[in-house]
Amino acid sequence: MYLDKILGSKTKVNALSVLVTHPERGIVENELAKEAGASVSEVNRQVRDLVNVGLVIMERVGKSKLYRVNQQHFLFEPLRSVFRGLEEIYREIANKVARFVAGKHEVETVLLFGSLVSRRIRSDFVKEPSDVDIMIVVKNKRQTEGVRKDVLNFVGSEIFPEYGINVYPIVLSVEEYLSGLSKDAFIMDVHSRGEVLYGEKPRRFG
């Protein structure tokens, strides 16, 4: 399989990730080495294979080497999809869930909170992936269980099979949410820091 030659080392993967996610940049060897977490000599040695197959273009600038990804190469688009940042992927998931629940149920708001909002997503996607934390506020308490079940079914059938990431929805009525604003530290924190994906944050008046 030819891909084992192209993606056959951590240095190649890291260097490609830097180049593919910044296709407009030409990156000098010492900068690429720093961002790839490797020595300059190791980067030059490993990236040579990528240059030989035309995936990376190398130019000499004085005594330095300048690298950029070849956007015309047939592997560029597949790799750009693979090397998307985790934050972008998590936000895509959160927005899919918000669109689903808002399209199926009468909800007041959908709030994103937790590690994604605070930009503390764990980088170990294999052993310790972060979850997507969402709070859904509905008009009355009778809706909460049905909404929760529908979201969990959607996550189980559509989200997890595609992304391998879990979503844990918290579903509250407007009354429960507003009551929590005066006595529940967790709800107060979500209200303060949460990011609105749909609707508006409920507020007390008067």
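Welcome to this protein, which has nine helices and seven strands. What you see is a predicted model. Of its 206 residues, 39% are buried. Among the contacts with a separation of 6 or more, 64% join residues that are 24 or more positions apart.

## The nonpolar cores

A good place to begin is the inside. The largest nonpolar core has 24 residues. Those with the most contacts inside this core are Ile-93, Val-97, Val-132, Ile-134, Ile-136, Ile-159 and Val-167. Five elements each supply at least two of the core's residues: helix 6 (86-104), strand 4 (107-113), strand 5 (132-138), helix 7 (144-163) and strand 6 (167-173). Helix 6 gives the most, with seven residues.

To look at one member of this core, find Ile-93. Leaving out residues up to four places away in sequence, Ile-93 touches Val-132, Ile-159, Tyr-163, Ile-165 and Val-167. Apart from this core lies another, of 20 residues, and its members include Ala-15, Val-20, Ala-33 and Phe-83.

## Helix 2 meets helix 4

Now turn to a pair of helices. Helix 2 covers residues 10-21 and helix 4 covers residues 40-52; their axes come within 9 Å and cross at roughly 75 degrees. That crossing makes helix 2 roughly perpendicular to helix 4. On the side of helix 2, the contact is made by Thr-11, Lys-12, Ala-15 and Leu-16. Helix 4 brings Glu-42, Val-43, Gln-46, Val-47, Asp-49 and Leu-50 to the contact. By class, these residues divide into five nonpolar, two polar and three charged.

Thr-11, a residue of helix 2, is worth a closer look. Is Thr-11 buried or exposed? Thr-11 counts as buried, because its relative accessibility is 12%, and the cut-off for buried is under 20%. Not counting residues up to four places away in sequence, Thr-11 touches Ala-38, Glu-42, Val-43 and Gln-46.

Ala-38 is found in the loop between helix 3 (29-36) and helix 4. Its relative accessible area is 21%, so Ala-38 is partly exposed. Ala-38 and Thr-11 are 27 residues apart along the chain, and their C-alpha atoms are separated by 6.5 Å. Besides Thr-11, Ala-38 touches Ala-33 and Val-43, again leaving out residues up to four places away in sequence.

## Helix 8 meets helix 9

A second helix pair can be found further along the chain. The axes of helix 8 and helix 9 come within 7 Å and cross at roughly 105 degrees. Helix 8 is therefore roughly perpendicular to helix 9. From helix 8, the contact involves Glu-176, Tyr-177, Gly-180, Leu-181 and Lys-183. From helix 9, Ala-185, Ile-187, Met-188 and His-191 take part. By class, this contact has five nonpolar, two polar and two charged residues.

Which residue does the side chain of His-191 join through a polar contact of 2.6 Å? The partner is the side chain of Tyr-177. Tyr-177 lies in helix 8 (residues 174-183), and His-191 lies in helix 9 (residues 185-193). Tyr-177 is buried, with a relative accessible area of 0%. His-191 is buried as well, with a relative accessible area of 15%.

Each of these two residues has further contacts, again not counting residues up to four places away in sequence. Tyr-177 touches Leu-111, Met-135, Val-137, Leu-172, Ile-187, His-191, Lys-201 and Pro-202. His-191 is in contact with Tyr-177, Leu-181, Lys-201, Pro-202 and Arg-203.

Helix 8 also holds Glu-175. Is Glu-175 buried or exposed? Glu-175 counts as exposed, because its relative accessibility is 66% and the cut-off for exposed is over 50%.

## Pairs across the sequence

The table sets out three residue pairs with their separation along the chain and their C-alpha to C-alpha distance.

| Pair | Separation in sequence | C-alpha to C-alpha distance |
|---|---|---|
| Ala-38 and Thr-11 | 27 residues | 6.5 Å |
| Glu-175 and Val-138 | 37 residues | 9.1 Å |
| Tyr-177 and Met-135 | 42 residues | 9.9 Å |

Two of these pairs also appear among the contacts described above: Thr-11 touches Ala-38, and Tyr-177 touches Met-135.

Terms used
Residues numbered from 1 in each chain as written. Predicted model: local features only at pLDDT ≥ 70, side-chain atom pairs only at ≥ 80, totals over all residues. Heavy atoms only, no water. Core = buried A, V, L, I, M, F, W, Y, C linked by side-chain atoms within 4.5 Å. Buried < 20%, exposed > 50% of the residue type's maximum accessible area, 1.4 Å probe, protein only. Helix = DSSP H or I, 4+ residues; strand = E, 2+ residues; numbered from the N terminus. Contact = heavy atoms within 4.5 Å. Axes fitted to C-alpha atoms, helices over the stretch in contact; angles between N-to-C directions. Parallel < 35°, antiparallel > 145°, perpendicular 65-115°, else oblique. Nonpolar A, V, L, I, M, F, W, Y, C, P; charged D, E, K, R; others polar. Polar contact = N/O pair within 3.5 Å; in protein donor to acceptor, adjacent residues only side chain to side chain.
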